[in-house]
Amino acid sequence: MDIDDQAALTSGSAFWTTTAAGGVPAITMTDGPHGVRLQSSDTDMLAGRPATCFPPAVASGSTWDPELLHRMGEALGRECRAMDVQVLLGPGINLKRTPLGGRNFEYFSEDPILSGVLATEWVRGLQAQGVGASLKHFAVNSQETDRMRISADVDERTLREMYLRAFQRVVTRAQPWTVMCAYNKVNGVYASQNHFLLTEVLRDEWGFEGLVVSDWGAVVDRVAALEAGLDLTMPGPDDAGDREVADAVRENRLDLDKTTKRIKRLVEMSVSDTTDFSVDEHHQLARQVAARGIVLLKNDDNVLPLRTEGQSIAVLGEFARTPRYQGGGSSQITPTRLDDALTEITATTTAPVRFAPGYRAGNTVDETLLAEAATLAAGSDIAVVFAGTTQETEGSDRTDIDLPAAHLALIERVAAANPRTVVVLSNGAVVRTSPWDAAVPGLVEAWLLGQAGGSAIADVLFGRVNPSGRLAETIPLKLADHPSHLDFPGENGHVRYGEGLHVGYRGFDAREQEVAYPFGFGLSYTTFEYGQVTATVTGDTIALSVPVTNTGGVDGREIVQVYVSKPGSRVQRSPRELKAFAAVDLASTATATATLTVDRDDLAYWDTRLGRWIVEDGDYLFAAGASSRDLRTTVTLSLDGTPDSRWPLAADSTVAEWFADPRGAALLTEVFAEARASGGSPLVTMADDEGIAQLLGGMPLDRLAMFPGSPFTPESLAKLAAQANG
Ligand code: BGC
């Protein structure tokens with residue numbers, strides 16, 4: 001292909017289309033992720049054609065239901081086909097590092113396995129329809145503050161084990177057609193120009209076969225980006241950039257062969273037709289996902305479910321009538337229809353339902369509205385308050401996690417007027433629930449639920465759906481408790497990921513800190529009992545079985561979670577990490593066995609000395625339970641470690657390190673014995689004293705060699721190390 005055509009292919013021809021050049025036709029890409037936002041107006045970039053607004057990831061992530069995510073992916077694929085879209089820009093799988101993240105509503109979880117499992121099925125479902133996914137934002141795009149420039153400074157283990165792990169899972173298991181690079185820098189280098197990320201990790205290690213597209217406007221230097229492994233710069237056109245790229249090729253500074261092949265391949269895989277989809281069926285699916293994503297946080301005295309007759313209900317709060325159902329920015333969908341909870345509640349019960357708005361837009365406490373709401377609450381059998389955040393959007397982070405003052409005031413006044421008060425929350429990232437939740441018997445976390453949220457909320461409130469959503473992120477007692485708190489949002493172009501591996505629940509657990517509601521938590525209208533977990537190792541997988549009984553009066557769905565710990569690990573670890581989960585649907589009083597699989601690879605840690613994944617030898621504790629802090633049954637398994645995973649010993653390894661290694665210990669014992677026998681080493685004799693031995697333990701052998709009376713010389717050390725390392 002002609003060099004100019006090759007160069008032209010590497011940038012868009014318009015906001016949402018690639019360039020047709022050299023006989024390769026153009027394709028259309030559009031947002032994503034929880035609906036198809038095909039731009040419908042030339043003047044308004046955010047206005048899209050009507051499409052099903054499925055629940056944003058904050059809610060679909062709380063379903064813990066990969067099968068449902070697969071179906072949602074398929075439905076999104078059908079809508080893309082209907083609108084002649086070839087690549088949907090999603091899913092977003094960055095970790096929710098901080099509850100302040102402005103885009104948390106677009107991301108699944110604070111845990112990489114949960115995010116990875118759900119996103120894998122989303123991608124498989126979408127791509128099975130012949131539509132490509134764009135896994136984003138690669139990588140470490142966990143904040144919006146200064147997102148286009150900030151450097152996320154993160155240590156290697158944390159990067160591998162936390163921020164890249166979900167990407168690795170989706171890439172290796174679902175081969176998304178495209179990966180979208182992030183705006184930010186990672187350890188000082190723009191993600192769009194990051195050879196380590198885009199080539200060494202993504203392609204060489206993970207075997208990614210697809211195309212890397214830039215986030216919209218993420219590329220600073222087109223040639224540097226292509227060199228690093230980026231293929232397509234969006235949006236376009238960028239004629240000047242294309243010329244620079246062509247010049248670099250002519251001057252043999254750049255080779256576009258691979259990139260050209262990848263773009264051709266993507267276009268060839270794409271389908272261009274317009275099959276139809278059923279608006280009704282997709283709305284129903286959106287409702288099902290929404291209902292599954294709702295998390296019941298509190299249900300004292302079984303205040304819920306609501307009764308469909310003989311119980312008058314006060315519905316309070318504007319969000320009941322005017323739902324808050326998605327966040328702001330590029331993911332904003334124009335829904336095909338919109339359910340509201342007030343209409344759905346009114347339609348479900350034969351008893352009187354009375355409504356008062358309680359607050360207006362903005363955050364001003366309005367006494368008249370509060371008094372009206374309190375009166376309705378006092379005169380009704382039960383009060384349901386709708387409260388939540390008023391805005392969360394791409395492009396900026398939040399500054400606190402508190403509910404707006406007007407919403408807090410409404411909760412307080414209603415709870416004082418009627419002890420049977422249930423709060424329904426609409427929010428894209430967690431809000432503080434303490435201390436006000438102590439004053440209400442019922443609390444329903446309804447997130448941002450998409451266009452069918454109103455009916456889904458009614459489904460759960462009345463018990464047509466028994467809630468099974470689980471928290472995909474911890475709700476802290478207060479913001480300052482959060483592990484990320486001291487290192488967010490950074491300054492002067494850098495944000496230090498100071499909590500390291502201890503992201504989210506890992507950090508709360510490591511510091512034994514109280515939380516409002518732990519990761520994995522969620523109530524049901526029934527109760528479940530766990531039997532003894534059993535485990536067997538077969539090849540590279542560990543199969544676990546957990547008998548679960550529905551001990552309550554209604555049918556329900558339990559999400560069994562498996563957390564793994566490695567007692568006595570040679571590296572720093574979080575107390576426990578989610579490694580598998582599975583749903584069991586159980587009729588009242590029925591028992592069934594949940595079967596879960598943990599892949600050996602998921603037990604590996606990234607060893608920074610060896611530069612690879614290592615499964616440590618020895619005992620692992622597998623705990624199955626209903627949340628990260630409600631572990632019901634455990635089993636210990638001994639696993640064989642990764643071969644050749646011993647840390648090499650060197651002249652600058654310490655005395656203690658030598659003694660910790662069986663071969664090193666034997667060699668050193670021999671040297672010390674010889675020195676003692678010859679009487680020529682006062683240092684060795686002194687080491688008989690326990691205190692001195694301890695002091696010497698921290699000294700590298702080559703430093704010890706510099707002290708008079710040491711049994712080592714540089715030559716003998718080199719020999720010793722060679723012997724130790726075999
Ligand atoms: C967002 C992406 C989005 C793209 C196209 C960017 O600002 O970060 O998530 O896909 O715009 O709208």
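## Strand β18 and its two faces

In this predicted model, strand β18 covers residues 541–550, and its side chains alternate between two faces. Ile542, Leu544, Val546, Val548 and Asn550 point to one face and are buried. Thr541, Ala543, Ser545, Pro547 and Thr549 point to the other face and are not buried. Such alternation between the two faces of the sheet is what a regular strand shows in general.

## Pairing partners of β18

Strand β16 (residues 528–530) pairs with β18 in the antiparallel sense over three bridges. Within this pairing, Phe528 lies opposite Asn550 of β18.

Strand β17 (residues 534–538) is also antiparallel to β18, with five bridges between them, and Thr538 stands opposite Thr541. The hairpin formed by β17 and β18 has two residues between the strands, and Gly539 there adopts a positive phi near 55 degrees.

Strand β21 (residues 591–599) pairs with β18 over nine bridges, again in the antiparallel sense. In β21, Ala592 is the residue opposite Val548.

## Helix α10

Helix α10 comprises the 13 residues 257–269. At 1.5 Å a residue the expected span is 18 Å, and the end C-alpha atoms are 18 Å apart, so the model agrees with the expectation.

The buried residues of α10 include Thr259, Thr260, Arg262, Ile263, Leu266 and Val267. Viewed down the axis of α10, the buried residues fall within an arc of 165 degrees and therefore line one face of the helix. Lys258, Lys261 and Glu268 are exposed on the other side of α10.

Technical notes: Residues numbered from 1 in each chain as written. Predicted model: local features only at pLDDT ≥ 70, side-chain atom pairs only at ≥ 80, totals over all residues. Heavy atoms only, no water. Buried < 20%, exposed > 50% of the residue type's maximum accessible area, 1.4 Å probe, protein only. Helix = DSSP H or I, 4+ residues; strand = E, 2+ residues; numbered from the N terminus. Pairing = 2+ DSSP bridges. Expected span 1.5 Å × (residues − 1). Arc of directions from axis to C-beta.
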